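Colleague: Got a minute to walk me through this one? I'd like to start with what your terms mean.

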Amino acid sequence: MVFSSLIFIYFFLPILFLLYFITPKRFKSIILIIFSLIFYFYGEGKYILILLLSSILNYLLSKKITHNKKILVFGIIINLLPLIYFKYTNFIFENVNAIFNTNLFIKNLIMPIGISFFTFQNISYLVDVYKDKKEMAKNLIDYLLYITFFAQLVAGPIVRFSEIKEDINNRKLNFSNLYIGIKRFIIGLSKKVIISNNIGLLINILTDVSDKSVLLYWIIAISYTIQIYFDFSGYSDMAIGLGKMFNFNFLENFEYPLIAKSITDFWRRWHISLSRWFKDYIYIPLGGNRGTKLKLVRNIFVVWSLTGLWHGASWNFILWGIYFGIILIIEKMCLKNFLERHSALAHIYTFFLIIISFVIFNITDIKSLGIFFKSMFGFNNLPFTNFETIYYLKSYLLMLIISLICATPIVKYIKNSKFKRLIFLEPIIYICLLFIATAYLVDSTFNPFIYFRF
């Protein structure tokens with residue numbers, strides 16, 4: 001089940017609301033856990049035991065872990081083993097087969113949805129309790145709610161227990177938060193269904209065009225960036241909104257990353273919870289930016305290789321991570337002052353590198369990736385443009401312009417500064433957005449969620 005589906009919006013959520021708000025306070029957490037497990041079971045029935053057993057095991061380990069490094073190491077290994085098995089086994093076998101001409105593989109090995117996210121939450125909990133016993137959950141119910149809560153279970157944000165500890169223990173019925181949460185959910189749904197899905201259709205159309213051009217490849221590359229931004233930030237908005245409806249306050253996961261002035265700035269704005277996780281649990285323990293420049297380069301290289309690998313069991317993801325690592329090293333060593341002095345150039349430079357990065361991210365086959373880049377930069381004897389390119393560009397130009405505008409704070413600024421007197425129209429606008437998104441869901445079968453494979 002995904003948030004951007006009719007069954008979730010018009011069946012699952014209303015039934016949960018009804019039961020949640022009539023249930024006595026002491027049973028509300030249990031209701032959320034039950035519905036979260038139903039949510040997960042709907043999409044990954046056979047793997048629900050992994051989710052439950054890992055949650056219970058981590059809770060039990062946390063009871064014994066305070067300042068006991070052996071238990072901490074054991075806990076981290078136990079958490080990583082299922083992730084490595086389901087996500088990376090066949091990738092490892094593929095590379096072994098290529099080197100030794102063998103035929104190793106495991107049939108029907110499907111990665112459990114959300115395993116990359118709840119594994120990281122389990123590990124962060126163990127590390128935080130190891131450092132400070134005060135971070136421990138009061139009981140198993142609290143911990144199960146922390147891990148299984150459907151709003152952030154399958155695609156984040158990656159939440160730390162300390163951040164929602166008070167929310168778990170002291171949730172109260174709050175209609176103001178409910179209204180804020182509904183608005184945020186509708187914004188995320190609109191980003192996902194109205195923008196990301198339509199840009200995804202454009203990508204599919206252009207990919208299948210027989211007479212390609214240089215401009216067509218650039219449109220695809222820019223569309224990759226737009227699609228994944230609105231896909232994932234939309235899902236994060238829906239998660240944050242759902243959390244708010246039930247009085248959980250999740251931290252922001254995106255802060256207009258496409259207007260960043262450097263790649264360093266971009267990663268302060270893009271998938272913030274993941275960047276923070278790698279910084280706090282990998283980068284800083286390795287030494288961070290302390291020590292020699294060689295150690296700094298090593299630490300960045302390790303963190304970004306792992307970041308790429310976390311995103312997927314494929315060489316293009318590892319290349320994607322290393323690509324960002326190299327750029328971040330160059331920025332820290334050489335470009336920081338230049339980018340700070342030349343704002344306009346900094347924006348152009350950053351957006352260009354972001355576009356290149358998401359070409360690497362989207363094309364898993366390295367040979368196809370090379371062909372794509374050659375075509376982008378005019379090395380495949382293609383015309384700059386042609387009739388089909390112009391036709392599809394005109395057809396989707398308005399959607400592309402709207403999406404680029406919505407990727408900036410312009411809409412938020414206009415809303416906050418120009419339309420305060422028209423606040424009475426706000427509910428009507430959100431109802432219209434929900435109606436339009438619903439119409440798209442009814443009419444279209446194209447509704448992928450990119451980060452489900454991570």
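Modeller: Sure: buried means under 20% relative accessible area, exposed over 50% and partly exposed in between (1.4 Å probe, protein chains only). This is a predicted model, where local features need pLDDT of at least 70 and side-chain atom pairs count only at pLDDT 80 or more, while totals for chains, interfaces and linings use all residues. Residues are numbered from 1 along each chain as its sequence is written, and side-chain values use heavy atoms, with hydrogens and water left out.

Colleague: OK, how many salt bridges does the structure hold?

Modeller: There are 8, counting a side-chain nitrogen of Lys or Arg within 4 Å of a carboxyl oxygen of Asp or Glu. One of them joins Lys192 to Asp231, with the closest N and O atoms 3.4 Å apart. That pair links distant parts of the chain, 39 residues apart: Lys192 is in helix 9 and Asp231 in helix 10 (residues 214-245). Helices here are DSSP runs (H or I, at least four residues), numbered from the N terminus.

Colleague: Is Lys192 buried or exposed?

Modeller: Lys192 counts as buried, at 0% relative accessibility. Asp231 is buried too, at 1%.

Colleague: And what about Arg276, which residue does it form a salt bridge with?

Modeller: Glu163, with the closest N and O atoms 2.4 Å apart. Arg276 sits in helix 12 (residues 272-286) and Glu163 in helix 8 (residues 161-169), so the pair ties together parts 113 residues apart in sequence. Arg276 is partly exposed at 21%, and Glu163 is partly exposed at 25%.

Conventions. Helices (H or I, at least four residues) and strands (E, at least two) are DSSP runs, numbered from the N terminus.
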